[in-house]
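Subject: Structure for you to look at

Hello,

Here is the structure I promised to pass on to you. Please open it alongside this message, and my notes come just below.

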Amino acid sequence: MGKTGNHGAHLVWDWNGTLLDDITAVIGATNAAFAEAGVAPITLERYRDLYCVPIPLFYERLMGRRPSEAEWEVMDAAFHRYYTERRSGCGLTAGVEELLRDWQLAGRSQSLLSMYGHEELVPVVRGYGIESRFLRVDGRTGPSGGSKARHMERHLAALEGADPRRTVVIGDAVDDAVAAAHVGAHAVLYTGGSHSRASLEAVGVPVVDTLADAVREALRLAS
């Protein structure tokens with residue numbers, strides 16, 4: 001359990017598509033899983049235009065019909081298998097190490113919450129050498145494909161002294177903003193991941209093209 005500091009804003013970072021620059025691996029794994037299911041490949045642009053959670057709804061948008069429970073399980077397992085093969089070739093988003101370091105050195109607090117499975121997430125974050133920057137690193141527990149809102153609720157509850165009014169979620173998905181609103185926190189959305197700028201802007205929170213801009217927006221929102 002971590003304890004937030006007394007120096008203003010607390011950041012809750014997303015992992016995939018935000019701190020980790022893995023959108024190419026995600027598209028490759030998605031198309032490999034689709035090929036197994038006989039579904040046509042998708043471009044990055046179309047992925048970003050249609051992406052949503054729960055993921056079965058995203059697949060419905062792509063396939064023109066809702067996948068059966070059996071189809072979803074097969075496609076989800078295939079995606080994670082192919083993604084794991086590709087993830088090792090992904091690097092952190094440009095400037096991440098410096099942003100995390102400078103935020104910590106300023107006496108501010110930050111944590112990481114991802115919908116990537118918890119048991120897989122923790123060693124991966126540790127492998128990139130940034131685990132010590134966070135009060136907590138929490139991944140998804142339970143089935144994949146759903147929303148981050150309930151996970152965000154538990155994440156903030158585990159952080160001693162976290163004030164939602166001074167907490168800012170930085171992520172690449174509409175669901176990050178939904179999860180932030182669920183707990184009364186702010187959100188800043190980053191265009192380098194899963195969504196098009198247009199779909200992010202429709203949410204009504206700040207949208208930025210760099211994580212440095214996201215941090216600047218977070219300071220403004222939490223002041």
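What follows is a short tour of what turned up, from the whole chain down to single residues.

First, please keep in mind that this is a predicted model.

**The chain as a whole**

The protein chain contains ten helices and eight strands. Its radius of gyration is 17 Å, close to the 17 Å that the globule rule gives for 223 residues, so the chain is as compact as a globular protein of that length. Measured out along the principal axes, the C-alpha trace spans about 55 × 35 × 30 Å. Of the 223 residues, 52% count as buried. If we take contacts between residues at least 6 apart in sequence, 64% of them join residues at least 24 apart. The accessible surface comes to about 10100 Å², and carbon and sulfur atoms account for 51% of that.

**Strand 1 and its partners**

A good place to begin is strand 1, residues 10-13, which is covered on both faces. His-10 and Val-12 are buried on one side, and Leu-11 and Trp-13 are buried on the other. Strand 1 pairs in the parallel sense with strand 4 (residues 109-117) over four bridges, and Trp-13 stands opposite Leu-112 there. Strand 1 also runs parallel to strand 6 (residues 167-171), again joined by four bridges. In strand 6, Val-169 is the bridge partner of Val-12.

**Helix 5**

Helix 5 covers residues 96-105, and Val-96, Leu-99, Leu-100 and Trp-103 are buried in it. Seen down the axis of helix 5, its buried residues fall within an arc of 95°, so they line one face of the helix. The general background is familiar: an α-helix has 3.6 residues a turn, so residues three or four places apart point the same way. The cover over the buried residues of helix 5 includes strand 1, strand 3 (91-92), strand 4 and helix 10 (211-222). Just after helix 5 comes Gly-107, with a positive phi of about 85°.

**The loop between strand 7 and helix 9**

Two residues caught my eye in the loop that leads from strand 7 (186-190) to helix 9 (197-201), namely Thr-191 and Ser-196. Thr-191 has a relative accessibility of 15%, so it counts as buried. Leaving out residues up to four places away in sequence, Thr-191 touches Arg-48, Arg-197, Leu-200, Val-207, Val-208 and Asp-209. Ser-196 is buried too, with a relative accessible area of 15%. Setting aside its neighbours within four places in sequence, Ser-196 is in contact with Arg-48 and Asp-49. Arg-48 thus appears among the contacts of Thr-191 and among those of Ser-196.

**Aromatic rings**

Which residues do ring pairs link into a cluster? They are Phe-34, Tyr-47, Tyr-51, Phe-58, Tyr-59 and Trp-72. The whole structure holds nine aromatic pairs. Tyr-47 and Tyr-51 form a stacked pair, 5.4 Å centre to centre with 20° between the planes. Tyr-47 is buried at 6% relative accessibility, and Tyr-51 is buried at 16%. Phe-58 and Tyr-59 make a tilted pair, with 5.9 Å centre to centre and 45° between the planes. Both Phe-58 and Tyr-59 are buried.

Happy browsing, and best wishes

Definitions and conventions. Residues are numbered from 1 along each chain as its sequence is written. This is a predicted model: local features need pLDDT of at least 70, side-chain atom pairs count only at pLDDT 80 or more; totals for chains, interfaces and linings use all residues. Side-chain values use heavy atoms; hydrogens and water are left out. Buried means under 20% relative accessible area, exposed over 50%, partly exposed in between (1.4 Å probe, protein chains only). Two strands pair if DSSP finds at least two bridges between them. The arc is that of the directions from the helix axis to the C-beta atoms. Contact means heavy atoms within 4.5 Å. The radius of gyration is taken over C-alpha atoms; the globule rule is 2.2 Å times the number of residues to the power 0.38. Accessible areas come from the Shrake-Rupley method with a 1.4 Å probe; for residues, only the protein chains shown count as cover. Rings of Phe, Tyr and Trp (its six-membered ring) pair if their centres lie within 6.5 Å; planes under 30 degrees apart count as stacked, over 60 as edge-to-face and the rest as tilted.
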